[in-house]
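Work through the following exercises with the sequence and the model open beside you. Try each task before you read its solution.

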Amino acid sequence: APAAAAAATLSGLGVGAKGWHLSANAHLEIVSRVIVPLALSGTSERAVANGKNLTAESVLVQALVSCAFPSPALMAAEGALPFARGAPSEVPGPWDASPPRPPPSQPGGALNIHDGGAAERAERWLALVGKCAAFVTQGIAGGSATLALGVLRVVGSLRNERVATALMEAALQAFLSHKAIESLAEASTAGSLLAEPLAALQDKPLAADRLVLACVEGRAPLAFRLLMAHQAQLLPSLEAVRWLPLAIASVRAAARLSPPASRDFDVLPAWFAAVELILSDEWLVEYSAAQQATLAIAKHVHAAARLGDGGGGGLSAALFDTRSDASAGQSGGGGASAGLKLAARVLLAILSKATHDKSAGLHGGPSRPLVLLDGPAEARAHASALVKAGHSADAQFRSVPRAFFTALEAMLARPCTLAEWRAHVLATLFPMAVYLPRV
């Protein structure tokens, strides 16, 4: 039914066998009022349960993804946006046609992206792309798990990494929210929620390095975490001489990943994954590049969480200097949430204790339990700050779920693994993000 409705709508617009052209404003209307609603209805869980045609799903998903980013080459058409019919496997087919030059006159009220100079044209083009991407990503984020997986299957074909990662982020938000709620209903909270997204992502070759950079630039932490998991599948099979450079690159990338203002907790799975790499026995603390990456992630977590001077010496001497304030200003957004501040303290305490132990020749990987109160001065300073927050009259910490503080002092004093701390932090500090402990 959605496919038939789409065909009728496009036929009404005068679509021929060789494609058609629309003004920029008309394109926005098609994206927001036709393609997004059809894709949402055609890939809903109810449609799947009713045996929806898989070919129709493929067409709808590809149309949705393709509309997220018109190619800059279309600027040669003086504002007309071409749509070309092609096989469903051609992504992003609608933007590959070479359109004929439209007449000089534009329809009344249409956006002519070729008025004015080059700077103005570029600004108008970016505005058009921004609106298209906003319509599509909002639709995906509010869609079904089926739509989310469909987007992940084709997103690797997009030639623009910034748009690809924005679509990945929206798809993961939808998928993880749906699956976490389903798990609660089924009383099943074990296992990672990334297995299906990882399988979908592997349908197409990925330019992983460029996508990771785009995640950092676009603040897409869930997409970043998925790419880390994608790379982690390769790491166990590598020799140590190849493992360490890839692990260092992952940690350094995580050290540039800033949390989005409205969902700062989404960055934590990636930060925990970076710390897990550092705790691995294959991570050589005596290697200068590894030391620099460790310092980079520590400084970044401190700056992004807007923490005050931790004191303690050692790593703190570099971590809590005046440059931290400047780095915090670059991370953007307003003040970090109380939950992010507390989670950052836990991460930094673990990082300090683990690197101190590894320098002393103690190994065992991420599964080795750590007693944070027995750590160096920096780890103890973070532990003390966590305990004080639990007794603080500060309004921001009084709003934190008490479940976090209930077990805190006992956990600080006894041996706990990174996995235990991760589960406790993500489940108790952010109970509204049900999916978080399983990402």
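**Exercise 1. Locate Arg-219, then decide how exposed this residue is and what marks its backbone.**

Step 1: Arg-219 is found in the loop between α9 (208-218) and α10, where helices (H or I, at least four residues) and strands (E, at least two) are DSSP runs, numbered from the N terminus.

Step 2: The relative accessible area of Arg-219 is 26%, so this residue is partly exposed, given that buried means under 20% relative accessible area, exposed over 50%, and partly exposed in between, with a 1.4 Å probe and protein chains only.

Step 3: Arg-219 has a positive phi of about 50 degrees although it is not a glycine.

Before you go on, keep in mind that this is a predicted model, in which local features need pLDDT of at least 70 and side-chain atom pairs count only at pLDDT 80 or more, while totals for chains, interfaces and linings use all residues. Residues are numbered from 1 along each chain as its sequence is written, and side-chain values use heavy atoms, with hydrogens and water left out.

**Exercise 2. Describe the protein chain as a whole.**

Step 1: The protein chain has 21 helices and 2 strands.

Step 2: Of its 439 residues, 50% are buried.

Step 3: Taking contacts (heavy atoms within 4.5 Å) between residues at least 6 apart in sequence, 74% of them join residues at least 24 apart.

Step 4: The chain exposes about 19,100 Å², and carbon and sulfur atoms supply 56% of this area, with accessible areas coming from the Shrake-Rupley method with a 1.4 Å probe, and, for residues, only the protein chains shown counting as cover.

**Exercise 3. Check the span of helix α12 and find out what covers its buried residues.**

Step 1: The expected span of a helix is 1.5 Å times one less than its number of residues, and for the 12 residues of α12 (residues 268-279) this should give 16 Å.

Step 2: The end C-alpha atoms of α12 are 16 Å apart, which agrees with the expected span.

Step 3: In α12, 11 of the 12 residues are buried, and the helix is therefore mostly covered; among them are Leu-268, Trp-271, Phe-272 and Val-275.

Step 4: The cover over these buried residues includes α10 (221-232), α11 (240-254), α13 (288-304), α16 (338-359) and α21 (418-429).

**Exercise 4. Which class of angle describes the packing of α12 with α16, and which describes that of α10 with α12?**

Step 1: The axes of α12 and α16 lie 10 Å apart and make an angle of about 5 degrees, where axes are lines fitted to C-alpha atoms, for helices over the stretch in contact, and angles run from 0 to 180 degrees between N-to-C directions.

Step 2: That angle makes α12 roughly parallel to α16, since angles under 35 degrees count as roughly parallel, over 145 as roughly antiparallel, 65 to 115 as roughly perpendicular and the rest as oblique.

Step 3: The residues that make this contact include Phe-272, Val-275 and Leu-279 of α12, together with Leu-347, Ile-350 and Lys-358 of α16.

Step 4: By class, the residues of the contact of α12 with α16 divide into 12 nonpolar, 1 polar and 1 charged, where Ala, Val, Leu, Ile, Met, Phe, Trp, Tyr, Cys and Pro count as nonpolar, Asp, Glu, Lys and Arg as charged, and the others, Gly among them, as polar.

Step 5: The axes of α10 and α12 come within 9 Å and cross at roughly 30 degrees, which makes α10 roughly parallel to α12.

Step 6: Here Phe-224, Arg-225 and Met-228 in α10 meet Pro-269, Ala-270, Ala-273, Ala-274 and Leu-277 in α12, and the contact has 7 nonpolar, no polar and 1 charged residues.

**Exercise 5. Are Trp-243 and Lys-353 buried or exposed, and which residues do they touch?**

Step 1: Trp-243 lies in helix α11 and is buried, with a relative accessible area of 8%.

Step 2: Leaving aside neighbours within four places in sequence, Trp-243 is in contact with Leu-235, Leu-238, Leu-277, Ser-280, Glu-282 and Trp-283.

Step 3: Lys-353 is found in helix α16 and, at 10% relative accessibility, counts as buried.

Step 4: Not counting residues up to four places away in sequence, Lys-353 touches residues including Leu-370, Asp-374 and Pro-376.
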